[in-house]
Amino acid sequence: MKSEALADKFLRCYGHAPASVAHAPGRVNLIGEHTDYNGGFVLPVAINFGTTVAASAREDDLVDIVALDIDEARNQFELDNITYDDTQSWANYVRGVFKILRHRYPAVRGVNLMVTGDVPQGAGLSSSASFEIALIRVLTQLFNLPVDGIEAAKIGQKAENAFVGCACGIMDQLISAKGKQGHAMLLDCAALSIAHTPVPESLAIIIINSNVRRGLVDSAYNTRRKQCEEAADVLGLTTLRDASMTMLDASKSRTSEVVYRRARHVITENARTEAMFEALQSEDMTVISELMAQSHNSMRDDFEITVPEIDYLVELVGEQIKESGGVRMTGGGFGGCVVALVPKNRVLDVTNAVNKFYHARTGLKQTVYVCSAESGAFA
Ligand code: GAF
């Protein structure tokens with residue numbers, strides 16, 4: 001929905017126009033999976049799907065929000081009594097953000113809000129992070145808060161960690177805040193330093209949603225995180241960021257086989273992510289292809305976060321593009337999407353192959369998006 005249409009609905013709902021409107025994108029991660037909470041490297045792109053929030057200040061401390069895409073569901077809470085809402089799970093992203101933001105900036109007062117978005121839900125494309133960042137952006141505009149993109153990302157992440165209950169890293173919030181049009185963003189999750197590199201002009205970013213229903217994702221995600229922490233602990237490190245395969249192999253007798261494989265994924269994925277940044281800069285398709293394939297295999301075999309439908313999609317696209325492009329699962333895992341970097345003149349072949357074979361093999365209906373790299377809300 002366009003901002004004007006949102007403003008119009010806001011006017012009809014609240015009787016006045018919004019004082020501020022903000023948009024934040026979802027993301028697709030090109031490589032660097034489950035590395036962010038290990039202090040490692042990620043290489044995401046902000047995409048042309050996102051969340052838009054309209055807002056106006058109130059005279060009191062009530063927050064009133066209408067979610068247009070959930071049948072105009074409404075949620076209300078008082079700023080001095082923000083509790084978890086068991087009945088409307090979506091509202092907890094709002095509640096969590098207000099709780100953290102208000103603690104840091106007491107100038108935040110009651111607001112009327114309306115939200116709409118087009119990031120596919122539960123597909124691993126960061127619909128929740130884009131919601132948090134759009135919300136933080138609109139509130140910083142409304143209350144004139146000195147919040148930059150990095151702080152916005154930290155607030156969004158803390159809202160999820162401490163309020164919603166997902167132990168996510170900072171990648172999704174940070175790319176939604178600091179993405180750059182036409183570019184991928186290498187993020188060092190320990191230093192929180194950023195370097196952008198252009199997505200080669202010759203390549204299209206294709207996202208294929210497997211539409212596999214993602215169950216128990218948060219608990220499986222949190223388990224992976226704990227296993228990584230256990231590995232770091234055995235190695236005497238704070239995070240796996242500083243681990244090497246030599247160190248890991250030397251500690252093999254002190255780690256379980258599963259924890260060893262989890263750590264191997266993180267160590268090798270960090271190296272692949274840094275290498276991918278270079279390969280994108282030199283437009284080296286052979287290396288891009290190989291790195292994405294290795295990343296997928298590592299997620300499948302070592303981190304065990306892929307599902308057969310996703311593995312099949314990767315195989316299908318890989319057969320089409322061979323070394324002219326790259327393909328892997330993207331996001332937290334257990335369903336969701338595959339990302340492919342495909343020469344623009346091969347997009348139709350890839351789409352046709354997926355449309356022809358995926359449903360026949362899995363009984364599921366895929367959705368294919370050809371995406372562009374967009375700017376973040378605090379770019
Ligand atoms: C989810 C999390 F929110 C991110 O922080 C990241 O860990 C990702 O899974 C896996 O790379 O999107």
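This section describes two open sheets, a helix that packs against one of them, and the surroundings of the ligand.

The model is predicted; local features were accepted at pLDDT of at least 70 and side-chain atom pairs at pLDDT 80 or more, whereas totals for chains, interfaces and linings use all residues. Residues are numbered from 1 along each chain as its sequence is written. Helices (H or I, at least four residues) and strands (E, at least two) are DSSP runs, numbered from the N terminus.

One open sheet consists of five strands in the order β1-β3-β6-β4-β5, with mixed pairing; two strands are taken to pair if DSSP finds at least two bridges between them. The edges are formed by β1 (20–29) and β5 (73–78), each of which has a single partner strand, so one side of each is left without a neighbour in the sheet. On average, neighbouring strands of this sheet are turned by 20° against each other, direction ignored. Axes are lines fitted to C-alpha atoms, for helices over the stretch in contact, and angles run from 0 to 180 degrees between N-to-C directions.

Within this sheet, strand β3 (residues 44–57) runs antiparallel to strand β6 (residues 111–117), to which seven bridges join it. Thr51 stands opposite Gly117 of β6, and Thr52 stands opposite Thr116. Strand β4 (residues 62–67) runs parallel to β6 and is joined to it by five bridges; Ile65 has Leu113 as its bridge partner in β6. Seven of the seven residues of β6 are buried, so the strand is largely enclosed by the rest of the structure. Here a residue is buried if 20 or more other C-beta atoms lie within 10 Å of its own, exposed if 12 or fewer, and partly exposed in between, with C-beta atoms placed from the backbone. In a regular strand the side chains alternate between the two faces of the sheet. In β6, Val111, Leu113, Val115 and Gly117 are buried on one side, and Asn112, Met114 and Thr116 on the other. Helix α3 (residues 127–143) lies across β1, β3 and β6 and runs at about 150° to β1.

A further open sheet has four strands in the order β10-β11-β9-β12, with antiparallel pairing. Its edge strands, β10 (326–330) and β12, each pair on one side only. The average turn between neighbouring strands of this sheet is 25°, direction ignored. Strands β9 and β11 pair in the antiparallel sense over seven bridges, and Ile205 stands opposite Leu341 in β11. Helix α9 (residues 285–301) packs on the sheet, where it touches β10 and β11, and its direction makes about 30° with that of β10. Contact requires C-beta atoms, placed from the backbone, within 7 Å.

Helix α11 (residues 347–362) comprises 16 residues and reaches 22 Å from its first C-alpha to its last, close to the expected 22 Å, a span defined as 1.5 Å times one less than the number of residues. Its buried residues are Val350, Val354 and Tyr358. An α-helix has 3.6 residues a turn, so residues three or four places apart point the same way. The buried residues of α11 pack against β9 (203–209), α10 (308–321), β11 (337–343) and β12 (367–371). Arg361, also in α11, is partly exposed, with 13 other C-beta atoms within 10 Å. Just after the helix, Gly363 takes a positive phi of about 80°.

The residues around the ligand (C-beta atom, placed from the backbone, within 6 Å of it) include Asn29, Glu33, His34, Asp36, Cys168, Met171 and Gly331. This shell divides into three nonpolar, five polar and three charged residues, where Ala, Val, Leu, Ile, Met, Phe, Trp, Tyr, Cys and Pro count as nonpolar, Asp, Glu, Lys and Arg as charged, and the others, Gly among them, as polar.
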